[in-house]
Amino acid sequence: SSLIPLQDLEMPGSTGSHDYNVLEAFYGDELKESQIADCAIRVMSLMLIGKYVLEASRRRRVDEVHHHELAYKAAVNSCVLLKNENDLLPLSQGSSIAIIGEFAERPRIQGMGSSQVLPTSISTAGDRFQDFTSNIEYAPGYSLDNSNDEGLAHSLIEEAVECAKSCDVAIIFVGLPEGYEAEGFDRGSLELPEHHDVLVEQ
């Protein structure tokens with residue numbers, strides 16, 4: 001049993017299916033009543049501490065704007081440029097820029113399940129490019145909500161290609177939508193969604 005090595009917490013989603021395993025281990029003399037009690041005490045203690053921390057945080061005033069600026073600064077300083085063919089970067093403010101990809105407006109900033117948080121503010125790439133220049137065209141390129149609609153995918157790619165042709169530079173945002181991976185399951189390959197690959201190729 002996982003209780004013996006002090007693994008007290010269970011991720012949600014089992015709907016109580018592991019309760020039987022605990023009972024079976026107890027009645028099979030693999031798990032002592034004192035071990036179950038100690039587990040319960042540790043869990044309750046953690047819950048009480050969490051309640052105290054939550055109530056204390058609600059009483060304390062947080063400078064959300066400062067925290068957001070600090071997070072943005074940390075993100076900028078953490079960026080790594082892997083390749084810069086033909087000295088494309090830095091971009092000229094006089095260049096017309098095509099921003100391609102719905103992730104530019106709807107970034108995936110977190111995972112699924114217990115890794116989901118509620119940020120007080122989100123900066124998107126689209127927002128930051130607007131700060132850089134007003135000479136911008138945008139095309140979603142794909143749909144994060146209707147990824148299985150082949151007709152929609154084809155039309156969005158065509159629109160994005162035309163958008164890219166009309167500008168000096170095209171910047172494409174692709175990645176893994178929610179549902180491709182989570183803490184409860186792994187993805188089967190390192191490949192991007194098919195429509196994202198087609199978008200980049202065209």
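**Exercise 1.** In this predicted model, work out which salt bridge joins the side chains of R106 and E102, and then follow R106 to its other partner.

*Solution.* Start with the pair itself: the side chains of R106 and E102 meet in a salt bridge, N to O at 2.9 Å. Next, check the surroundings. E102 is buried at 13% relative accessibility, while R106 is partly exposed at 37%. Now look for the second partner: R106 also forms a salt bridge with D145, with the closest N and O atoms 3.0 Å apart. R106 sits in the loop between β1 (97-100) and α4, and D145 in the loop between β2 and α5 (150-165), so this pair ties together parts that are 39 residues apart in sequence. D145 itself is exposed, with a relative accessible area of 56%.

**Exercise 2.** Find the salt-bridge partner of D131 and say where the two residues lie.

*Solution.* The partner is R128, with the closest N and O atoms 3.6 Å apart. Both residues belong to helix α4, three residues apart, or about one turn of the helix. D131 counts as exposed at 57%, and R128 is partly exposed at 31%. Back to the earlier trio: shared partners join E102, R106 and D145 into one network.

**Exercise 3.** Is T133 buried or exposed, and what does its side chain reach?

*Solution.* First, place T133: it lies in the loop between α4 (125-132) and β2 (136-139). Its relative accessible area is 9%; buried means under 20%, so T133 is buried. Then trace the side chain of T133: it reaches the backbone nitrogen of N135 at 3.1 Å and the backbone oxygen of Q93 at 3.5 Å.

Note on methods: Residues are numbered from 1 along each chain as its sequence is written. This is a predicted model: local features need pLDDT of at least 70, side-chain atom pairs count only at pLDDT 80 or more; totals for chains, interfaces and linings use all residues. Side-chain values use heavy atoms; hydrogens and water are left out. Helices (H or I, at least four residues) and strands (E, at least two) are DSSP runs, numbered from the N terminus. Buried means under 20% relative accessible area, exposed over 50%, partly exposed in between (1.4 Å probe, protein chains only). A polar contact is a pair of N or O atoms within 3.5 Å; within protein, one must be able to donate a hydrogen and the other to accept it, and residues adjacent in sequence count only if both atoms are side-chain atoms. A salt bridge is a side-chain nitrogen of Lys or Arg within 4 Å of a carboxyl oxygen of Asp or Glu.
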